[in-house]
Amino acid sequence: MPYSPINKCGLPVTIDIRLQHRFSDIGSSLSRTTYFNKTESLRLLQMHYMLTKENGIMDISRFVKFMNVFLGLKNVEALNKVHQISCKTNNKYLTGPEFVIVLSLLLRGTVSDLIDFWFDLYKDKLRSTDYKCSLLQMIDTDNTNKAEHHQKLNIDYIMHLDDRISLEDHRKFVNEIVTGLKLLRSIIPETDRKVPFMLLFTSRLLDDDSPRGNVKSYRVYDYNEYRMNSMQKTISKLITQLEPSM
């Protein structure tokens, strides 16, 4: 089947089609593992190609500049950590597929997705899996309005799971998590930067995770603003709930 140009960023047609052919299998794989479809994934892979001047090297400096210019994200410490977590193939450079994966998380991921991703920073910490699971349970508790069960899910109870963690270590780790959540909150893009950027690679500006009611009555900016505020509120609530445990 012949390829048709899909790029929205001025890539020459011959290069556009050549890259579609090169990235076809990768795009198909990303469409199954991210919130983007194949065409969106291919456009973002082409964007990575353009941003890295064809050599595929997106180091931390280029990544921070991209996030600042296109999405208005300015917290360098937080972006450094995102880059650190995302670089699976090479510790210094973000590959094309890794670039698509991190954008999927930031643009269409849920708070639970972001926390699951962020906890890679703590993979060498004692019982980090239990802390992550407790945070995710706290989010689920809020989402299902089961306030009566909140106390049982409070992260402060983790130290009672066994005697391998002291109260002091528990407090230190909770403090690190709170600091991490504050950084995480800073990398949720503002609507007026997110929507124009997404128009460079997609026309799907509403996704399945939508507010109840008639979604069609929501303007694109209204919906994305609603979603961003909801995510910010959820993370802020987690921070408030955890701070007494520090």
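Buried means under 20% relative accessible area. The exercises below use this cut-off on a predicted model.

**Exercise 1.** Is F66 buried or exposed, and which residue does F66 form an aromatic pair with?

Solution. Start with accessibility: F66 has 3% relative accessibility, so F66 counts as buried. Next, find the partner: F66 pairs with F197. The centres of the two rings are 5.7 Å apart and the planes stand at 75 degrees, an edge-to-face arrangement. F197 has a relative accessible area of 2% and is buried. Last, place the pair in the chain: F66 belongs to helix α3 (residues 60-71) and F197 to helix α10, so the pair ties together parts that are 131 residues apart in sequence.

**Exercise 2.** Describe the aromatic pair of F36 and F201, then place both residues in their cluster.

Solution. The search of the whole structure gives 9 aromatic pairs. In the edge-to-face pair of F36 and F201, the distance is 5.3 Å centre to centre, with 80 degrees between the planes. F36 is in the loop between α1 (13-33) and α2, and F201 in the loop between α10 (191-198) and α11 (220-242), so the pair ties together parts that are 165 residues apart in sequence. F36 is buried at 1% relative accessibility, and F201 is buried at 0%. One aromatic cluster contains F36 and F201 together with F66, F70, F99 and F197.

**Exercise 3.** Where in the chain do E40 and R108 lie, and which network includes them?

Solution. The whole structure has 5 salt bridges. In the one between E40 and R108, the closest N and O atoms are 3.3 Å apart. Helix α2 (residues 38-51) holds E40 and helix α5 (residues 96-108) holds R108, so the pair ties together parts that are 68 residues apart in sequence. Both E40 and R108 are buried. For comparison, K132 and D116 form a salt bridge with 2.7 Å between the closest N and O atoms, and D116 is partly exposed at 38% relative accessibility. Through shared partners, salt bridges join E40, R108 and R204 into one network.

**Exercise 4.** Which members of the largest nonpolar core touch the most other members?

Solution. The core has 63 residues, and those touching the most other members are M67, L103, I115, L181, I187 and F197. Domain 1 (13-110 + 190-242) and domain 2 (116-186) each supply at least three residues to this core. Take M67 as a case: leaving aside neighbours within four places in sequence, M67 is in contact with G72, L73, L79, L103 and L106.

Conventions. Residues numbered from 1 in each chain as written. Predicted model: local features only at pLDDT ≥ 70, side-chain atom pairs only at ≥ 80, totals over all residues. Heavy atoms only, no water. Core = buried A, V, L, I, M, F, W, Y, C linked by side-chain atoms within 4.5 Å. Buried < 20%, exposed > 50% of the residue type's maximum accessible area, 1.4 Å probe, protein only. Domains from an automatic or database assignment. Contact = heavy atoms within 4.5 Å. Salt bridge = Lys/Arg side-chain N within 4 Å of Asp/Glu carboxyl O. Helix = DSSP H or I, 4+ residues; strand = E, 2+ residues; numbered from the N terminus. Phe/Tyr/Trp six-rings, centres within 6.5 Å; stacked < 30°, edge-to-face > 60°.
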